[in-house]
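This briefing covers a single protein chain. The points are grouped by topic and follow after the structure.

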Amino acid sequence: MQLYPSLMGANPLNLLETIDMLQPWSAGFHLDTMDGHAVPNITGGPAWINAIAQYSTKPMWVHLMVTDPVQWINQLQLKPGSMIDFQYEAISNPEAIITAIKRREHKAGISVAPQTPIDAITPLLSLCDYINVMGVNPGFSGQKFIPDVLKKIIALQEYIQAHKLACVIACDGGITEEILPELQKQNIAYVAIASNLFSAQDPVALLKKYQK
């Protein structure tokens, strides 16, 4: 399980210090971007992402909660091995967006909200490198993990194994130290952790404990 600190939960006035402190123990950094249309909130755009990607020595995991992901993808300047996923519920052309991500030679993922059934995305699983199963409703940091999401993860993992698919599962939203062992049991590949990490007494110790 690889942990990505989600900088949406960090103090924006201390981002450089936060990156310097955490990146030796992190797989990379998770960045949420929102356009105020796909979800109500608004966060940093491509210039903000690119500045962080250039400063950090690690790859990025970018979660696009926007209505026109391709426009954003084409502006991103990320390191090799970076990940980009888009919010499934906000778009109508997932195949084209996956193609745009892979054209930039990044890992392509689909992010699904808790209420979206697995059946909606199974036809796309063979095209993706990963599926980001959200533990909360997209748009705001600090929400509590929805317990039924674990059942969804288990069902999705069973489907992937039964159909011998190459994609893996990621999880983002509401992740706490109580949830992390459950995600380890389900062989989750990538986990984004925000509020719980940045409110921890020792964020580095938390990363060391679960990072593999």
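A residue counts as buried when its relative accessible area is under 20%, as exposed when that area is over 50%, and as partly exposed in between. K151 has 60% relative accessibility, so this residue is exposed. The model is predicted. The protein chain contains eight helices and eight strands.

**Overall dimensions and surface**

- For 212 residues, a compact globule would have a radius of gyration near 17 Å, and the value of 16 Å for the protein chain agrees with that.
- Taken along the principal axes, a box of roughly 40 × 35 × 30 Å holds the C-alpha atoms of the protein chain.
- Of the 212 residues in the protein chain, 52% are buried.
- Among contacts in the protein chain with a separation of 6 or more, 64% are between residues 24 or more positions apart.
- The exposed area of the protein chain is about 9500 Å², and 53% of it comes from carbon and sulfur atoms.

**Nonpolar cores**

- The largest nonpolar core consists of 59 residues, and the ones with the most contacts inside it are I131, I153, I175, L180 and L183.
- Helix α5, which spans residues 148-162, gives the most to this core, contributing five residues.
- Leaving aside residues up to four places away in sequence, I131 touches I110, V112, I121, L125, L156, V168, I169 and A170.
- Another core, of nine residues, lies apart from the largest one, and its members include Y4, A27, W61 and A189.

**Strand β2 and its partner**

- Strand β2 covers residues 29-34 and is mostly covered, with six of its six residues buried.
- The side chains of β2 are split between two directions: F29, L31 and T33 point one way, while H30, D32 and M34 point the other way.
- Both of these sets are buried.
- Strand β3 (residues 60-65) pairs with β2 in the parallel sense, over six bridges.
- Within this pairing, L31 stands opposite V62 in β3.

**Salt bridges**

- Searching the whole structure gives three salt bridges.
- One of them joins D148 and K151, whose closest N and O atoms are 3.6 Å apart.
- Both D148 and K151 belong to helix α5, where they are three residues apart, about one turn of the helix.
- D148 has a relative accessible area of 52% and is therefore exposed, and its partner K151 is exposed as well, at 60%.
- A salt bridge also links the side chains of K209 and E177, at 3.3 Å from N to O.
- K209 is in helix α8 (residues 203-210) and E177 is in the loop between β7 (168-172) and α6 (180-185), so this pair ties together parts that are 32 residues apart in sequence.
- K209 is exposed, because its relative accessible area is 54%, whereas E177, with 29%, is partly exposed.
- In the remaining pair, the side chains of K185 and E182 meet at 3.6 Å, N to O.
- K185 and E182 both sit in helix α6, three residues apart, which is about one turn of the helix.
- K185 has a relative accessible area of 58% and so is exposed, while E182, at 31%, is partly exposed.

**Residues with positive phi**

- K164 has phi near 50°, which is a positive value in a residue other than glycine.
- The position of K164 is in the loop between α5 and β7.
- With a relative accessible area of 74%, K164 is exposed.
- N187 is another residue other than glycine with a positive phi, near 55°.
- N187 is located in the loop between α6 and β8 (190-193).
- The relative accessibility of N187 is 58%, so N187 counts as exposed.

Conventions. Residues numbered from 1 in each chain as written. Predicted model: local features only at pLDDT ≥ 70, side-chain atom pairs only at ≥ 80, totals over all residues. Heavy atoms only, no water. Core = buried A, V, L, I, M, F, W, Y, C linked by side-chain atoms within 4.5 Å. Buried < 20%, exposed > 50% of the residue type's maximum accessible area, 1.4 Å probe, protein only. Helix = DSSP H or I, 4+ residues; strand = E, 2+ residues; numbered from the N terminus. Contact = heavy atoms within 4.5 Å. Salt bridge = Lys/Arg side-chain N within 4 Å of Asp/Glu carboxyl O. Rg over C-alpha atoms; globule rule 2.2 N^0.38 Å. Areas by Shrake-Rupley, 256 points an atom, 1.4 Å probe, with all protein chains shown as cover. Pairing = 2+ DSSP bridges.
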